[in-house]
Amino acid sequence: MNVGIVTVAEGRVYNLSLSLKELREVEVKVLRFLAERGEKSRLSDILAETGLEHAAVVKSLAWLEDKGLVSIESIKLEYLSLTDEGKRYASSGFPERILLSFLVEKGGEATLKDVFEAGILPESIVNIAIGWARRKGWIDVLKTDGKTTLRVLSPSPTRGSDEVLLVFLWEKDRVKRSELPEELAPAIDLLYKRNLLEKQSETEILAQITSSGIKVLESGVEVDEGVSLLTPDLIRTQAWRNVKLRRFNVEAPVKPVYPGKLHPVVQLINEIREIFLSIGFEEIRGPLVESAFWNFDALFTPQDHPAREMHDTFYLKKPSIVKLPDEGLVYRVAKTHENGWETGSKGWGYTWNAELAQQAILRTHTTATTIRHLAEHRTPPVKVFSVDRVYRNERVDYKHLAEFHQIEGIIVDKNVTLRDLMGVLREFYWKLGVKKVQFWPSFFPYTEPSIQSTVYVEKYKAWVELCGAGIFRPEVTVPLGVKIPVLAWGGGFERIAMLRLGLDDIRDLYRNSLGWLRQIPVIL
Amino acid sequence: MPTLVLKVKRMSELLGREVTVEELERIVPWLGVDIEDVGSDYIKIEYNPNRPDFSSQEGIARALKGFMEIETGLPKYTVNPGPVVLKVDPSVRPVRPWIVCGVVRGLKLDEERIMEIIEMEEALDWAIGRDRAVSSIGLHNLDAVKPPFKYHAVWPDEIRFVPLDMDVEMTPKEILRVHPKGVAYRRILEGAERYPIITDCDGNVLSFPPIINGALTRVTEDTRNIFIELTGTRLEAIFAALNILVTAFAEMGGRLESVAVEYTDQVLVTPNLSPSRWMLNVKSANKLLGLKLKPEQVAKCLEKMRLGVESVGEELLVLVPAYRHDIMHNVDLIEEVAIGYGYFNLEPTFPSTVTIAAENSTQKLSNKLRMIMIGFGFTEVINFTLANYKEHFEYMMVKGDPVRILNPVSAEYDILRSSLLPCLLKVFGNNKHEPLPQMIFEVGDVIVLDDEAETGARRILHLAGAIMHSEANFTEIKSVAEGVLREIDVQDYVFKATDHPSFIPGRCAEVKVRGNHIGVVGEIHPKVLNNFELEYPVGAFEYDLQFILERE
């Protein structure tokens with residue numbers, strides 16, 4: 001038997017020819033229950049009375065509503081309960097009450113010092129108690145000769161609505177807002193502001209049968225024989241031919257599931273690694289615990305340079321000292337600092353100290369690793385890169401981390417030029433999706449000439465500094481035995497990551513908030 | 001870092017023609033100077049540590065005149081021989097051995113100029129002087145004292161004078177104890193028996209370097225003639241600061257006069273502003289920059305940068321003005337050519353260097369491990385290698401000897417991690433409000449002490465995974481831990497029952513490959529869960545996978 005029903009779903013009107021046979025047992029039970037009730041019924045009541053499972057009833061209601069057989073209403077309910085602090089006050093009394101009884105006991109007056117010394121309230125609470133007692137007009141606060149005196153104005157005030165509500169909630173545990181006596185309503189905000197009361201909201205579902213639903217029932221319902229689950233048995237025996245496979249509401253929302261995922265930082269690091277690899281670079285990796293020698297001295301950074309100070313660099317307690325490389329190299333670096341050695345430089349003109357070079361530190365840049373590699377690979381051509389961790393002894397805030405990643409690459413070849421360096425940088429940015437690049441003169445202690453590159457960021461409508469670059473100074477390369485140009489560039493990885501991920505706080509990259517990690521789409 | 005404000009009015013005066021904010025904003029960066037802020041009648045620039053001569057408006061204007069071709073080539077300064085003499089007593093040798101001096105006459109000062117001079121002095125003391133340790137400047141009203149002057153060392157309580165910013169006489173010792181500048185800079189004199197002092201012929205104190213000047217010689221708007229002294233530990237550095245300072249005074253309209261500084265073994269007549277001479281090979285400049293400039297063009301670029309060029313040919317004789325402290329090597333001149341040519345004129349090219357790419361083996365393995373863990377449905381997290389001893393050892397109920405930091409800026413980081421598991425438990429702790437189950441992993445470095453290693457420590461590749469939900473258990477995590485080994489083709493492993501303080505007794509196995517310990521798997525001990533404030537059971541494993549890299 002068919003009943004023609006007009007139903008409205010998602011703003012569209014269409015005719016549905018509904019076979020009663022399509023109603024499953026659960027749906028029939030729910031529909032019958034609602035028909036008996038006639039009036040709006042709570043979901044909790046339906047569950048209690050029919051004994052059906054929560055998920056099944058919710059699903060049936062959605063299906064029945066979709067077919068226009070029931071109407072569903074959801075209302076928000078507010079529940080009130082006490083916070084832990086509220087519960088404490090409920091059992092011991094409000095602090096202002098405790099203060100008042102103390103003052104009354106003391107003959108109606110006491111100094112602030114007395115109150116503290118009596119220890120009737122935790123020290124952190126005393127001022128709160130005084131504030132409220134005064135606001136409620138129970139006491140007065142007088143200041144004379146640098147002494148603060150508290151005087152009782154009203155020795156036994158009646159319980160205020162806040163106190164009544166507190167006790168009421170304490171006894172009832174959890175109360176529906178609508179069931180609260182009207183006279184207590186004004187006290188809700190009072191307790192809420194003092195963080196004594198919590199508000200929780202829940203949604204209640206109310207269902208009522210529609211006239212179509214009644215019609216369907218009246219026309220006689222037969223329970224659907226159809227099956228939801230296509231079992232292996234049905235398939236093997238071909239019994240599926242004799243049953244009806246139920247139609248599902250494929251438009252209904254489903255529970256979200258999230259795949260296992262790479263961390264966005266790793267995805268971006270890999271993207272940058274792939275750029276280098278696509279243009280023929282070899283990836284290098286070096287120690288995180290490093291000597292000041294490789295991190296600074298080998299890069300011609302004078303031993304009194306501010307970057308070497310304690311507040312910029314992490315020095316280590318253990319290990320505290322690192323072996324220096326072979327004596328020949330140490331000698332050449334030392335002399336280059338002192339007088340330029342055979343590099344053609346004037347040098348810094350101070351006496352180089354081997355002890356300072358032996359200090360163990362956490363590398364402050366990946367250039368320490370690059371320069372190690374260069375010392376061992378002097379035959380051109382060399383093209384190497386790394387995207388790896390570095391450290392700065394900085395206080396962490398929205399702009400700074402103490403540990404972060406640096407991107408770095410070098411090209412060593414006989415005839416490479418400053419213009420080549422610009423070309424490589426431009427290509428690198430191009431592959432990152434940045435098209436507008438400008439180059440400026442700049443300064444880095446171990447490169448000359450040096451370049452600062454800025455890129456245009458649409459989001460900020462501004463030019464942002466990304467990578468620094470330059471040609472290694474002969475004072476750096478000649479002591480290693482390298483006499484041809486070394487093009488070098490590098491920069492912070494995190495700034496690029498923030499731009500790509502739309503973050504304003506650098507710390508968000510490493511918070512490992514699972515909500516963020518689950519929801520952020522894969523970087524395409 | 002210090003900053004410097006360039007005022008449009010003053011810059012126009014110095015350049016000899018009107019400039020606008022927009023013009024300065026456009027041109028100044030081409031000299032390698034970063035702009036921090038732009039106002040309606042000024043731009044604020046960041047101090048460039050390579051160019052201490054850019055520490056005054058005069059210094060910037062001098063460079064801009066060249067770059068804008070208002071006045072190019074070597075700036076000329078005259079130093080007249082002067083009558084002032086300063087004698088250096090050998091007693092200063094152990095504490096602050098070097099001093100150089102100069103005299104500027106005929107200055108017209110106002111409040112603004114004095115402020116600018118003080119800022120320049122501070123910038124030079126900071127940048128060249130390494131916060132006064134290496135060099136520090138003292139400026140004095142010459143007319144308040146009587147030469148010859150004397151630079152000598154005194155006992156901490158030997159003399160008394162009124163220092164700047166005080167109105168009572170104090171001894172050097174008292175100054176170091178209570179004067180704000182004494183407190184700020186006394187570390188420089190730490191360990192010295194006697195302190196450096198500059199006095200005039202009547203014994204009046206000009207200065208107690210590098211701490212504070214005497215109030216007697218304070219420079220005011222009425223000061224016309226200034227006596228400059230620079231003391232320090234490196235002669236090179238104090239010469240550089242002196243030259244930058246006196247040339248800026250000359251740009252302000254002062255007349256320079258030399259001072260004879262008499263050491264026991266030599267006499268230095270300072271300032272000496274004769275330029276240094278360098279040879280520049282045109283071909284090598286072109287080669288490094290990727291240009292084909294003719295010698296005349298190279299010379300023009302250098303002159304725009306205020307360098308002098310004496311003979312033009314394949315080899316240029318270049319004169320570098322005395323205030324250019326930063327020119328140490330030929331490449332510095334080549335950079336001058338590039339800046340003079342204009343970076344905006346350098347068309348990028350792509351190098352033809354052909355090489356074959358190679359991925360680092362650790363990175364490659366890390367990425368394979370990530371794929372495996374993702375396949376198991378785990379989400380990747382990344383934590384810092386900087387870590388906290390308490391969380392990594394006390395919370396985990398284990399003992400260990402990690403890499404330790406000497407000077408952590410925050411108590412949160414005092415070690416480098418030697419294990420990943422505490423990091424994962426901390427991540428769970430920070431995600432208590434997120435739906436369960438939570439399945440996370442990390443692939444990354446741990447750092448362990450190793451006397452054999454060159455730097456005393458090694459970075460080792462670890463993989464750790466953890467599952468948290470109400471029914472997390474041993475078998476569930478063992479399945480994953482075993483699956484990982486299968487996927488990376490490790491066949492000869494055994495899971496052997498063990499007791500580990502971080503895990504529930506009887507629910508922990510150590511994993512061995514050919515007899516070598518590579519990791520653990522188990523259910524985390526409830527005490528450890530409490531330490532990390534977790535409320536659900538956690539199954540976890542951690543492997544040291546360095547052996548896979550060595551296998552290959």
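# A walk through a two-chain model

In strand β3 of chain B, the residue that bridges to Thr3(B) is Glu46(B). That pair is a handy place to start, and keep in mind as you look around that this is a predicted model. Thr3(B) belongs to strand β1, residues 3–7 of chain B, and five bridges tie β1(B) to β3(B), residues 42–46, with the two strands running antiparallel.

Now look at which way the side chains go. On β1(B), Leu4(B) and Leu6(B) make up the covered face, while Thr3(B), Val5(B) and Lys7(B) sit on the uncovered one. β3(B) has two faces as well: Ile43(B) and Ile45(B) are on its covered face, and Tyr42(B), Lys44(B) and Glu46(B) are on its uncovered face. So the opening pair brings together Thr3(B), from the uncovered face of β1(B), and Glu46(B), from the uncovered face of β3(B).

β3(B) has another partner too, strand β2 of chain B, residues 35–38, and this pairing is antiparallel over three bridges. Here Ile35(B) stands opposite Ile45(B). To get from β2(B) to β3(B), the chain takes a hairpin of three residues.

Further along chain B there's an open sheet of seven strands with mixed pairing, and reading across it gives the order β11-β10-β9-β8-β5-β14-β15. Its edges are β11 (212–213) and β15 (267–270), each of which pairs on one side only. Pick out β5(B), residues 85–88, and its neighbour β14(B), residues 259–262: these two run parallel and share three bridges. One residue pair to find there is Leu86(B) with Val261(B), its bridge partner in β14(B).

Over to chain A, and some helix packing. Helix α1 (residues 25–37) and helix α3 (residues 54–66) of chain A have axes 9 Å apart and pack at an angle of about 75°. That angle makes α1(A) roughly perpendicular to α3(A). From α1(A), the contact takes in Val26(A), Glu27(A), Val30(A) and Leu31(A); α3(A) supplies Ala56(A), Val57(A), Ser60(A), Leu61(A), Trp63(A) and Leu64(A). Sort the contact by class and you get eight nonpolar residues, one polar and one charged. The numbering on both helices is worth a glance, because an α-helix has 3.6 residues a turn and residues three or four places apart point the same way.

Chain A has another crossing to compare, between helix α4 (residues 84–92) and helix α8 (residues 161–172). Their axes come within 9 Å and cross at roughly 105°, which makes α4(A) roughly perpendicular to α8(A). In this one, Gly86(A), Lys87(A), Tyr89(A) and Ala90(A) of α4(A) meet Leu166(A), Val167(A) and Trp170(A) of α8(A). The class split is five nonpolar, one polar and one charged.

Next, a single residue: Thr366(A), in the loop between β13 (360–362) and α16 (367–376) of chain A. Is Thr366(A) buried or exposed? It counts as buried, because 23 other C-beta atoms lie within 10 Å and 20 would be enough. Leaving out residues up to four places away in sequence, Thr366(A) touches Ser386(A), Asp388(A), Val390(A), Gln406(A), Glu408(A) and Gly490(A). His405(A) is 39 residues away along the chain, yet the C-alpha atoms of Thr366(A) and His405(A) are separated by 8.8 Å.

Finally, the place where the chains meet. The interface involves 77 residues of chain A in contact with 76 residues of chain B. On the chain A side, the largest share comes from α17(A), with eight residues. By class, that side of chain A holds 37 nonpolar, 15 polar and 25 charged residues.

α17(A) deserves a look of its own. This helix covers residues 418–432, 15 residues in all, and reaches 21 Å from its first C-alpha to its last, close to the 21 Å expected at 1.5 Å a residue. Its buried residues are Leu418(A), Arg419(A), Asp420(A), Leu421(A), Met422(A), Gly423(A), Val424(A), Leu425(A) and Phe428(A). After the helix comes Gly433(A), with a positive phi near 95°.

The chains also share strand pairing: β12 of chain A, residues 316–318, runs antiparallel to β21 of chain B, residues 404–405, and two bridges join them. Within this pairing, Lys318(A) stands opposite Arg404(B).

Conventions
Residues numbered from 1 in each chain as written. Chains lettered and ligands numbered in written order. Predicted model: local features only at pLDDT ≥ 70, side-chain atom pairs only at ≥ 80, totals over all residues. Helix = DSSP H or I, 4+ residues; strand = E, 2+ residues; numbered from the N terminus. Expected span 1.5 Å × (residues − 1). Buried ≥ 20, exposed ≤ 12 C-beta atoms within 10 Å, placed from the backbone. Contact = placed C-beta atoms within 7 Å. Nonpolar A, V, L, I, M, F, W, Y, C, P; charged D, E, K, R; others polar. Pairing = 2+ DSSP bridges. Axes fitted to C-alpha atoms, helices over the stretch in contact; angles between N-to-C directions. Parallel < 35°, antiparallel > 145°, perpendicular 65-115°, else oblique.
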